[in-house]
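User: I would like to go through some labels used for this structure and hear what each of them rests on.

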Amino acid sequence: MKAFSELLDRLVLTPSRNGKLRLLEDYFASVPDPDRGYGLAAITRDLDLRSVKPAMLRGLVAERFDEELFRLSYDYVGDLAETISLIWEGPGGGTRPLSQVVEQLNAASRSDAPALISGMLDRFGPAERYALLKLATGGMRVGVSSRLAKQALARFGDVDVTEIEELWHGLDPPYVSLFAWLDGQGPKPAQAAASPFRPVMLASPLAEAELETLRPQDFMAEWKWDGIRVQAASQDGVRRLYSRTGDDISAAFPDVIGDMDFDGAIDGELLVRKGDAIAPFSDLQQRLNRKTVSKAKLQAFPAFIRAYDLLHEGAENLRPLPFAKRRERLEDFAGHLPSGRFDLSPTIPFKDWAELAEARAAPPDPVIEGVMLKRLDSIYVPGRPKGPWFKWKRDPFIIDAVLMYAQRGHGKRSSFYSDYTFGVWTRDGELVPVGKAYFGFTDEELRQIDKFVRDNTRERFGPVRSVRAEPDFGLVLEVAFEGLNRSKRHKSGVAMRFPRISRLRWDKPPHEADRIETLEALLPD
Amino acid sequence: MRPDDLLHPTPQGLFCPAGNFHIDPVRPVETALITHGHADHARAGHGRVLATAQTLDIMAIRYGDGFAGATQATGDGPIRINDVEVRFHPAGHVLGSAQIAVEHDGMRIVAAGDYKRGSDPTCADFEPVPCDVFITEATFALPVFRHPGPQDEIAKLLTSLKDFPERAHLVGVYALGKAQRVIRLLRDAGYDEEIYIHGALQTLCDYYRSQGIELGALAPATRDDLSKEHFAGRVILGPPSAFAAKWAQRFPDPVIAFASGWMQVRARIRQRGVELPLVISDHCDWSELIQTIEEIDPSEVWVTHGREEALVRWCELNQRRARSLHLVGYEDEVE
Ligand SMILES: [Zn+2]
């Protein structure tokens, strides 16, 4: 456990990719089986522990600490596991191997778990407590993507990373056979998984100036839908739904899995229906990040896949084919699928860029985020190659609003007033809050706003300060957002989608900021 | 008399009407009593300043000789200001730091300023003073702050020097107090190599030495005749702000360390881009704050700058009268 907790701490603090790779390689080389395999699985979040709920940890804390003191600490630290690891007091004096911790956590019944965890917390030091809690809650985030971990494995065993990626979904922690192969002590494990994940191809953002260098006839355009990118693989009777990072999300989507009555692998966008229309992203969120899903949710938020690409059909790998060819195959393939669950991403006809820009400016559906451009001759390659695919996002809406309240941030920003509530003028000449943003500015701008807040505080309420906001004195923020909804919860009657600060308008007097009428005009009917 | 009549917060800082003076005022006032030389407590431009001789020296180093209309150094004994008796007691924070005891009509309030309880050879130890009201800082007033022994933290730096002999070790320190303490801790751990310092630390290190604090061999970190490789495996101290600048590029593949009580929280470590956090603080941690309140056992505790809410809450839970002063103008970041 000690080696593992040190690895976590050092990974978090090591900025360079190469440094992280070196730390992981050292860990694989110095820690014996099965601990290193469990450590790897914890980092790639493939360790399927009977998970401990944050509520249980809060229960443990409540037995020992004042609720208010704990809340203040948690507010400051910004992370539950870290807060508990720092605040806990115990006699210390005992560590144990990671594998033993994993086994004990798995063997513990729901009613035994609290005593087991608090016993370990008592014996461990702060760093090990942190590692234990991250492990037990499944909240391991150490700045190491699953891909980086696989690259470290590849370097450690001196093999190609695609070999590891293709094997990955057939392997289970603690990966003894994989390490034996990488150590040179055993044969390469056989590809054990049916319907493996195939690393995804991504588009790079389009700078409009680039269009001049591109020929319209080389490209196909389709809408960029605001869902999540998925891969639906069904081979040899095994059906899996993967996120774009290769996480298996099948369990949350039994409706989609149930209708995957095909032999192949589709790349597409996962969306949710609402009547005949496509539901906004907030509805899709009701289905995400769940281990299981209720009947009610299945009925209220039925999911479907809008197909972009076909990667595999039967035993045939289509990825080396040009996109135009794959698209033809996809059109055939999709014709045989249950239409309520799968449909084809429509293409956008256009002769020149101006025509496409016009289409992009007036998308036929609110759940469209922009336009995708794909070279007709592009083969399907993993990663984000520059050139074959572009995403051309819709321009955001922009308004000028006045800073009204500022709140202390969490974690890394807890020393700054970094969460801003801003408002626009009502018909009565008062400011009404219309949104809240906590990103979109540089560190330097954060310091400037923080100083403005401290120098111009009107009142303090706990972590919140109200700020001078008068027609002739105040700070105007240019706010960008993706859309606007009606809201009964907000006094202004509107709620912004993805608001962020796009510019600080130190030059602009507050009375020149926007009025609520401007926003009301943007509301959907 | 109520304690508030003797001392109360104003926008300028804590004010004593009977003595017509302020303690650590954040704006220019007629008479200022100053606890210690950190910039947020000791500002230039007051009419008269009363402080320890060392704090006055430090202010003169920082702001030049004319930093106040008039100055007066305190000794060990009491000083009368109008009808009020004031007395300075060591606070254990940095060289010259003091708590200020204010007494009038049988009531005594102690404004501790910034203070710590752990031993530190670069300044006099904190002295508990019995009082009716104890005014405590709250920089690290959350139960998550438990500072480890500073010598264990210095051991981490020494280990890293052994592990990475090819890399320079840049340690971020504030110029007053932290720099000299880290040097002293290194010396006490047996490190007797030359230590390189940023120009911003020079005068205060010289001043500490003039006050009899041994710092061993120090050399400027920026000398044109030294090659980049010369700094491999060396310790270089500088203000953290210098590390982002071009200044840091002269050193080989630097390990960025930072000596601060904030280094206990991961988000803070990441925020500063620190690779080697050293939890070394000039302030009390949670248990020291509590220890101090229990030891002094005042009838009332006033809490200022930092995480006031948590300490006030602890006092409530332990049946102690406490309130937050909501003083503004004291920096959180600067230790
Ligand atoms: Zn200080």
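User: Why is B:Asp120 called buried?

Analyst: The model is a predicted one. B:Asp120 has a relative accessible area of 5%, and buried means under 20%, so B:Asp120 falls in that class.

User: What makes B:Arg181 and B:Asp120 a salt bridge?

Analyst: The closest N and O atoms of B:Arg181 and B:Asp120 are 3.6 Å apart. The rule asks for a side-chain nitrogen of Lys or Arg within 4 Å of a carboxyl oxygen of Asp or Glu, so a pair at that distance qualifies. The pair links distant parts of the chain, 61 residues apart: B:Arg181 is in helix 4 (residues 178-188) of chain B, and B:Asp120 is in the loop between strand 10 (107-111) and strand 11 (133-138). B:Arg181 is buried as well, with a relative accessible area of 4%.

User: Why is the pair A:Lys325 and A:Glu328 called a salt bridge, and where do the two residues lie?

Analyst: Their closest N and O atoms are 3.8 Å apart, and the limit is 4 Å, so the label applies. Both residues belong to helix 16 (residues 323-334) of chain A, 3 residues apart, about one turn of the helix.

User: Are A:Lys325 and A:Glu328 buried or exposed?

Analyst: Neither label fits. Buried stops at 20% and exposed starts over 50%, with partly exposed in between. A:Lys325 has a relative accessible area of 41%, so it is partly exposed. A:Glu328 comes to 48% and therefore counts as partly exposed too.

User: How do you know that A:Glu478 and A:Arg505 form a salt bridge?

Analyst: Their side chains meet at 4.0 Å, N to O. The cut-off is within 4 Å, so the pair is counted. Here too distant parts of the chain are linked: A:Glu478 is in strand 17 (residues 476-481) of chain A and A:Arg505 in strand 20 (residues 500-505), 27 residues apart. Both A:Glu478 and A:Arg505 are buried.

User: How many salt bridges does this rule give, and which residues are linked in a network?

Analyst: The count is 60 over all chains. A:Arg215, A:Asp218, A:Arg375 and A:Asp377 are linked in a network of salt bridges.

User: Why does B:Glu300 count as buried?

Analyst: Its relative accessibility is 12%, and the bound for buried is under 20%, so B:Glu300 meets it. B:Glu300 is placed in strand 18 (residues 300-306) of chain B. Apart from neighbours within four places in sequence, B:Glu300 is in contact with residues including B:Pro3, B:Asp132, B:Val133 and B:Phe134.

User: What makes the pair B:Glu300 and B:Arg321 a polar contact?

Analyst: The two side chains make this contact at 3.5 Å. A polar contact is a pair of N or O atoms within 3.5 Å, so the pair qualifies.

User: Why is A:Ser492 called buried, and where in chain A does A:Ser492 lie?

Analyst: A:Ser492 has a relative accessible area of 11%, so by the under 20% bound it is buried. A:Ser492 lies in the loop between strand 18 (483-486) and strand 19 (494-497) of chain A.

User: Which backbone atoms does the side chain of A:Ser492 reach?

Analyst: The backbone oxygen of A:Pro433 lies 3.3 Å from a polar atom of that side chain. The side chain of A:Ser492 also reaches the backbone nitrogen of A:Val494 at 3.4 Å. Leaving aside neighbours within four places in sequence, A:Ser492 is in contact with A:Val432, A:Pro433, A:Val434 and A:Ile516.

User: Which residues touch the most other members of the largest nonpolar core?

Analyst: That core has 108 residues, and among those touching the most other members are A:Phe4, A:Phe28, A:Leu57 and A:Ile84. Domain 1 (3-144 + 283-324) and domain 2 (150-278) of chain B both give residues to this core, so it lies between them. A second, separate core of 35 residues includes B:Val94, B:Leu158, B:Leu237 and B:Ile280.

User: How much of each chain counts as buried?

Analyst: For chain A, 52% of its 525 residues count as buried. For chain B, 60% of its 335 residues do.

Definitions and conventions: Residues numbered from 1 in each chain as written. Chains lettered and ligands numbered in written order. Predicted model: local features only at pLDDT ≥ 70, side-chain atom pairs only at ≥ 80, totals over all residues. Heavy atoms only, no water. Buried < 20%, exposed > 50% of the residue type's maximum accessible area, 1.4 Å probe, protein only. Core = buried A, V, L, I, M, F, W, Y, C linked by side-chain atoms within 4.5 Å. Domains from an automatic or database assignment. Helix = DSSP H or I, 4+ residues; strand = E, 2+ residues; numbered from the N terminus. Polar contact = N/O pair within 3.5 Å; in protein donor to acceptor, adjacent residues only side chain to side chain. Contact = heavy atoms within 4.5 Å.
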